[in-house]
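Hi,

Here is the structure I promised to pass along. Have a look at it first, and my notes on what turned up follow below.

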Amino acid sequence: ERGGIVCKRIQVDVKDSLEVQFISSAEIKKSITKEYGRCIGKQLDSIDLQKIETIIDNKSAVFKSQVFTTKDSTLHVEVTQRKPIVRFQKGRSGFYASQDGYIFPLQASYSPHIQIVDGHIPVKISEGHKGEIENPDEKKWVLDIISLVQFIESNKDWKRIIVQIHVRENGDLVLVPREGEEKFILGYPDQFEDKFEKLKKYYTAIVPKAGTNKYKTVDLRYKGQIICK
């Protein structure tokens with residue numbers, strides 16, 4: 001029975017703060033005070049735990065929160081953050097996407113080291129949008145990009161070599177390497193196995209003979225061909 005127990009402290013635990021740092025416990029405490037009101041000094045059983053959860057869950061970088069009280073006069077808040085897999089940059093604005101295609105805004109507090117996609121991104125969303133993409137074609141494109149990023153991330157060599165994905169006006173994807181002048185034309189985000197096998201051949205068979213920076217573009221779009229210009 002907690003009828004007479006008064007709240008003396010708020011304990012915030014950001015579960016995944018070693019992986020992502022979008023949100024701090026200080027910010028969560030500040031939000032509770034600002035949007036819900038003071039909890040310290042109130043009886044524990046009078047605090048609306050669900051309302052506090054809703055306030056926290058509405059933050060775009062929060063995946064889920066759990067709020068509960070314990071007999072030692074503590075209000076506990078446990079927070080799990082969203083984990084972005086890719087950052088889309090459209091001019092000066094941009095957004096993150098998590099593995100399941102959930103879109104949320106860039107955060108002023110922290111910028112994780114993840115794959116960046118820039119250029120002519122065929123997605124029209126309002127500033128500050130969070131949630132699913134409603135247009136089915138745009139949603140499919142984002143999910144295809146996520147598949148590409150996951151493919152790159154799953155291979156330690158590609159993860160080290162590819163630092164950016166650029167979208168041309170015609171929709172072609174261009175891979176930008178960490179070193180070298182070459183740009184790798186991937187085309188549409190499909191047939192990864194085949195296209196990256198050709199990219200591997202470029203590095204193992206062509207570069208040793210021609211040297212680096214010999215070519216400006218390496219076209220991987222056509223079956224059974226690598227076109228270097």
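One term before I start: when I say that elements are in contact, I mean heavy atoms within 4.5 Å. Also keep in mind that this is a predicted model.

With that in hand, let me begin at the N-terminal end. Helix H1 lies across strands E1 and E3, and runs at about 130° to E1. Those two strands belong to an open sheet of three, ordered E1-E3-E2, with mixed pairing. E1 (9-14) and E2 are the edge strands, each pairing on one side only. Ignoring direction, neighbouring strands in this sheet are turned by 15° against each other on average.

E1 and E3 run parallel and are joined by six bridges. Two of the pairs to look for: valine 12 stands opposite valine 77 in E3, and aspartate 13 has glutamate 78 in E3 as its bridge partner. E1 also shows its two faces nicely. Ile10, Val12 and Val14 make up the covered face, while Arg9, Gln11 and Asp13 are on the uncovered one. That fits the general picture, since in a regular strand the side chains alternate between the two faces of the sheet.

H1 has company on this sheet. Helix H2 lies across E2 and E3, at about 155° to E2. How do the two helices sit against each other? Two packed helices are described by the angle between their axes and the distance between the axes. Here H1 (residues 25-36) and H2 (residues 49-57) pack at an angle of about 120°, with the axes 10 Å apart, and H1 passes H2 in a right-handed crossing. On the H1 side the residues involved are Ile28, Ser31, Ile32, Glu35 and Tyr36, and they meet Lys51, Ile52, Ile55 and Ile56 of H2.

Now to the other sheet. It is open too, with nine strands in the order E6-E5-E4-E7-E8-E9-E10-E11-E12 and mixed pairing. Strands E6 (103-105) and E12 (227-228) stand at the edges with a single partner strand each, so one side of each has no neighbour in the sheet. Further in, E8 (residues 162-167) and E9 (residues 173-177) pair in the antiparallel sense over five bridges. One of the bridge partners there is leucine 173 in E9, which goes with valine 167.

Two helices are worth finding on this sheet:

- H3 (residues 136-153) lies across E4 (84-90), E5 (93-98), E6, E7 (115-119), E8, E9 and E10 (183-187), running at about 125° to E4.
- H5 (residues 192-210) lies across E8, E9, E10, E11 (217-219) and E12, running at about 155° to E10.

While you are at H3, check glutamate 138, which sits in that helix. Is this residue buried or exposed? Glutamate 138 is buried, because its relative accessible area is 11% and the cut-off for buried is under 20%. Leaving out residues up to four places away in sequence, glutamate 138 touches Pro122, Val123, Lys124 and Ile133. Isoleucine 121 is 17 residues away from glutamate 138 in sequence, and the C-alpha to C-alpha distance between them is 9.4 Å.

Two backbone oddities for your list. Serine 73 has a positive phi of about 70° although it is not a glycine, and glutamine 191 likewise has a positive phi, of about 50°, without being a glycine. Serine 73 is in the loop between E2 (62-70) and E3 (74-81), whereas glutamine 191 is in the loop between E10 and H5. Their surroundings are not alike: serine 73 is buried, at 9% relative accessible area, but glutamine 191 is exposed, at 52%.

Finally, the overall numbers. The chain holds five helices and 12 strands. Its C-alpha trace spans about 80 × 35 × 25 Å along the principal axes. The radius of gyration is 23 Å, where a compact globule of 229 residues would be near 17 Å. Buried residues make up 44% of the 229. Of the contacts with a separation of 6 or more, 56% are between residues 24 or more positions apart. The exposed area is about 12900 Å², and carbon and sulfur atoms supply 48% of it.

Cheers

Terms used. Residues are numbered from 1 along each chain as its sequence is written. Side-chain values use heavy atoms; hydrogens and water are left out. Two strands pair if DSSP finds at least two bridges between them. Helices (H or I, at least four residues) and strands (E, at least two) are DSSP runs, numbered from the N terminus. Axes are lines fitted to C-alpha atoms, for helices over the stretch in contact, and angles run from 0 to 180 degrees between N-to-C directions. The radius of gyration is taken over C-alpha atoms; the globule rule is 2.2 Å times the number of residues to the power 0.38. Buried means under 20% relative accessible area, exposed over 50%, partly exposed in between (1.4 Å probe, protein chains only). Accessible areas come from the Shrake-Rupley method with a 1.4 Å probe; for residues, only the protein chains shown count as cover. A crossing is left-handed if the near helix is turned anticlockwise from the far one by less than a right angle, and right-handed if clockwise.
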